[in-house]
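Here are my notes on this one, written as I went through the model. Have the viewer open while you read, and shout if anything looks off.

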Amino acid sequence: MSQLFRFPQSLKKTLFHYCPGCHHSLIHRLLCEVIDELGIREKTVGIASIGCSCFLYFYIDVDIVEAPHGRACSAATGIKRARPDLLVFTYQGDGDFAAIGLGDSLHSASRGEKFTVLMINNTLYGMTGGQVSPTTPLCQKTTTTPLGRDPQVHGYPMKIAEMLGNFEGVALSARVAVNNPKRVLSAKEVLKKAFLYQREAKGFTYVEFLSACPVNWKMDPLSATKYVDKLTEIFPLGTFKDIG
Ligand SMILES: Cc1ncc(C[n+]2csc(CCOP(=O)(O)OP(=O)(O)O)c2C)c(N)n1
């Protein structure tokens, strides 16, 4: 049976708590398909972080550790160094990875720690009510930039996947989206490659997902899905480093 019609073994049979139109559930499924296809369920450890995805352990049937806000890459470093035989991934929002956790994140990448990061970039702090984050586009309204992000006051959006592409310790840095079927399929291929590179101990692997947040973007799910297309003008999809 095609994978499309098979319920992933690593995905728990429970209802998601995510808002309608949020892309977390889709990304969870892709992650589980990759874990199943690589046959690594018993050898995988996930690091959930603080944000909307903090309940990762409700959904993904692998060992999950909850890190304090921003510390997922440091927790992953410890686990991977202690047990290099395991496949370790972090699952982090843009606030977690690129704001409070920026120091932990960049130093892990620079050290070439051999785990995989899934960075879910919804361009704001979702769980706490939609505050500005390092990846908020210019002009985007958030609860802390009600008139839109002004570069003179709030700075410019950070392009993390591009930045990590310049790090020597990074084996793979890519940005993907899941707002149409073609993109879903290519996102899965990139994620699978990240886990394969990790299995071969090639270096730090980073996959950034542009992800819809209809509630905090104050859009219906369809408009939010379309807004992801607009986001690709600011955050182009693609691979910024691939050591092959
Ligand atoms: C040390 C600490 N500071 C602040 C918070 C409050 N807090 C919880 S989630 C969050 C933002 C999460 O945003 P992001 O990482 O982008 O994830 P999202 O909710 O959008 O998925 C913040 C600031 C906290 N829990 N712990």
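1. One definition before anything else: two residues are in contact if their C-beta atoms, placed from the backbone, lie within 7 Å. With that in hand, look at contacts in the chain between residues at least 6 apart in sequence: 66% of them join residues at least 24 apart. Keep in mind throughout that this is a predicted model.

2. On the overall build, the chain has ten helices and nine strands. Its radius of gyration is 17 Å, close to the 18 Å that the globule rule gives for 244 residues, so the chain is as compact as a globular protein of that length. Along the principal axes, the C-alpha atoms fill a box of roughly 50 × 40 × 30 Å. Of the 244 residues, 49% are buried.

3. Now the sheet. Seven strands make up an open sheet with mixed pairing, and the order is 2-1-3-4-8-7-9. At the edges you'll find strand 2 (63–66) and strand 9 (238–242); each has a single partner strand, so one side of each is left without a neighbour in the sheet. On average, neighbouring strands of this sheet are turned by 15° against each other, direction ignored.

4. A reminder for what follows: strands of a sheet pair through backbone hydrogen bonds, either parallel or antiparallel. Strand 8 has parallel pairing with strand 4 over six bridges, and Leu118 stands opposite Val207 in strand 8. Strand 8 also pairs in the parallel sense with strand 7, over seven bridges; there, Val170 is opposite Phe204 in strand 8. Strand 7 (residues 170–177) and strand 9 pair in the antiparallel sense, over four bridges, with Leu172 opposite Asp242 in strand 9.

5. How many residues of strand 8 are buried? Seven of its seven, so to speak of the strand as mostly covered is fair. Phe204, Tyr206, Glu208 and Leu210 point one way, Thr205, Val207 and Phe209 point the other way, and all are buried. Do pause at Glu208 when you step through that list.

6. Helix 1 (residues 24–38) lies across strand 1 (44–48), strand 4 (116–121) and strand 8 (204–210). Helix 1 runs at about 160° to strand 4.

7. Over to strand 9, where Gly238 lies. Is Gly238 buried or partly exposed? It has 14 C-beta neighbours inside 10 Å, so Gly238 counts as partly exposed; the cut-off for buried is 20 or more. Leaving aside neighbours within four places in sequence, Gly238 is in contact with Ala174 and Arg175. Gly238 and Ala187 are 51 residues apart in sequence, and their C-alpha atoms are 9.9 Å apart in space.

8. Last, the ligand, probably your favourite bit. Which residues are closest to the ligand? Of the 16 residues that surround it, the closest are Gly51, Gly93, Gly95, Asp96 and Gly126. The shell divides into five nonpolar, nine polar and two charged residues; glycine is counted among the polar ones here. Helix 4 (residues 94–100) gives the largest share of the shell, three residues.

Key
Residues numbered from 1 in each chain as written. Predicted model: local features only at pLDDT ≥ 70, side-chain atom pairs only at ≥ 80, totals over all residues. Near = placed C-beta within 6 Å. Helix = DSSP H or I, 4+ residues; strand = E, 2+ residues; numbered from the N terminus. Rg over C-alpha atoms; globule rule 2.2 N^0.38 Å. Buried ≥ 20, exposed ≤ 12 C-beta atoms within 10 Å, placed from the backbone. Pairing = 2+ DSSP bridges. Axes fitted to C-alpha atoms, helices over the stretch in contact; angles between N-to-C directions.
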